[in-house]
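I opened a fresh page for this chain and wrote down what I looked up, in the order in which I looked. The entries below are meant for someone who has not met this structure before.

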Amino acid sequence: MAVPGLAHKSCGIKVLEVVGIVDKEGTPLSGWSRSVDLCSFDCLDDETWIRISRQQGSLDAKDGAYIGELIKSVQMVTDVMELLVKRLIMAESETALEKENVTLDMERFALGTNSVLNEMRQRVDDLVEETSRQRQQATENEQELSGVKQDFESLKSYVNSLISVRETLLSSEKQFQTIERLFERSV
């Protein structure tokens, strides 16, 4: 398992272009089982192994049983290792898929965040522009108010001059009337 290429080769696992990863029976990764059923590893019983060893002629019943147990154990370890390699491959595949999903989610989150930040930047720019426009408007209003005040002061001065002229005229008219009365009396 530490050397994936060796583990795959020893278990008959290979990568096919269209299907993807398959085991030695051609079962694709999606069809692999996660459970380990040790009962399925009891392929041959003791009597079968004794009969095989007797056919060889050189082994007695004890040797045959021992060899049978040894072969069963080796086969069971091999099958368990194969299942472990398969489970490792499935876990790696799921991890890669989850990593891909997390990467996609992070990219979506980043895009969403960028969108929100761009919106906020645009709003700030709009507020800065609006504030600048309002300041400009306030400056123009102050200038206009200053002009209106000057006009008002000029008008006030003019009105005061007119009032003064009127009072002078009224005073002159009263003097003229007085002179006229005096003249009429004199005549």
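**Entry 1: a charged pair in helix 3**

I began with arginine 108, which counts as exposed at 56% relative accessibility, where exposed means over 50% relative accessible area, buried under 20% and partly exposed in between, taken with a 1.4 Å probe and protein chains only. Its partner in a salt bridge is aspartate 105, and the closest N and O atoms of the two are 3.0 Å apart; for such a bridge I required a side-chain nitrogen of Lys or Arg within 4 Å of a carboxyl oxygen of Asp or Glu. Aspartate 105 counts as partly exposed, at 43% relative accessibility. The two residues are separated by about one helical turn, because they are 3 residues apart in helix 3.

**Entry 2: what kind of model this is**

I noted that this is a predicted model, in which local features need pLDDT of at least 70 and side-chain atom pairs count only at pLDDT 80 or more, while totals for chains, interfaces and linings use all residues. Residues are numbered from 1 along each chain as its sequence is written, and side-chain values use heavy atoms, with hydrogens and water left out.

I then looked up pLDDT, the predictor's confidence in each residue from 0 to 100, and found a mean of 82 for the chain, with 79% of its residues reaching 70 or more. Where is confidence lowest in the chain, and where is it highest? The lowest mean, 55, belongs to helix 2 (residues 46–56), and the highest, 90, to helix 3. I keep in mind that where pLDDT is low, the predicted coordinates should not be read in detail.

**Entry 3: the layout of the chain**

I recorded 3 helices and 2 strands, which follow the pattern α-β-β-α-α when read along the sequence. Helices (H or I, at least four residues) and strands (E, at least two) are DSSP runs numbered from the N terminus.

Of the 187 residues of the chain, 12% count as buried. The accessible surface comes to about 15,400 Å², and 58% of this belongs to carbon and sulfur atoms; the areas come from the Shrake-Rupley method with a 1.4 Å probe, and for residues only the protein chains shown count as cover.

**Entry 4: further salt bridges**

I counted 5 salt bridges by the rule given above, and I looked at two more of them. Lysine 72 is bridged to glutamate 69, with their closest N and O atoms 3.3 Å apart, and both lie in helix 3, 3 residues apart, about one turn of the helix. Is lysine 72 buried or exposed? Lysine 72 is buried, with a relative accessible area of 16%, whereas glutamate 69 is partly exposed at 36%.

Glutamate 82 and lysine 86 meet through their side chains in another salt bridge, 4.0 Å from N to O, and these two residues of helix 3 are 4 residues apart, about one turn of the helix. Lysine 86 counts as buried at 10% relative accessibility, and glutamate 82 counts as buried at 8%. Leaving aside residues up to four places away in sequence, I found that glutamate 82 touches Cys11 and Lys24, a contact being heavy atoms within 4.5 Å.

**Entry 5: the nonpolar core and a nonpolar patch**

Which residues make up the largest nonpolar core? I listed 7 residues, namely Cys11, Ile13, Leu29, Trp32, Val85, Ile89 and Met90. Helix 3 (residues 61–186) gives the largest share of this core, 3 residues. A core here is a set of buried Ala, Val, Leu, Ile, Met, Phe, Trp, Tyr and Cys residues joined through side-chain atoms within 4.5 Å.

On the surface I found a nonpolar patch of about 450 Å², made by Tyr66, Ile67, Leu70, Ile71 and Val74. Patches take residues with over 30% relative accessible area and no salt bridge, joining like charges within 9 Å and nonpolar side chains (Val, Leu, Ile, Met, Phe, Trp, Tyr) within 5 Å. One of the patch residues, leucine 70, lies in helix 3 and is partly exposed, with a relative accessible area of 44%.

**Entry 6: a pair far apart in sequence**

Finally I looked up aspartate 79, which has its place in helix 3 and is buried, with a relative accessible area of 16%. Aspartate 79 and cysteine 11 are 68 residues apart in sequence, and their C-alpha atoms are 8.8 Å apart in space.
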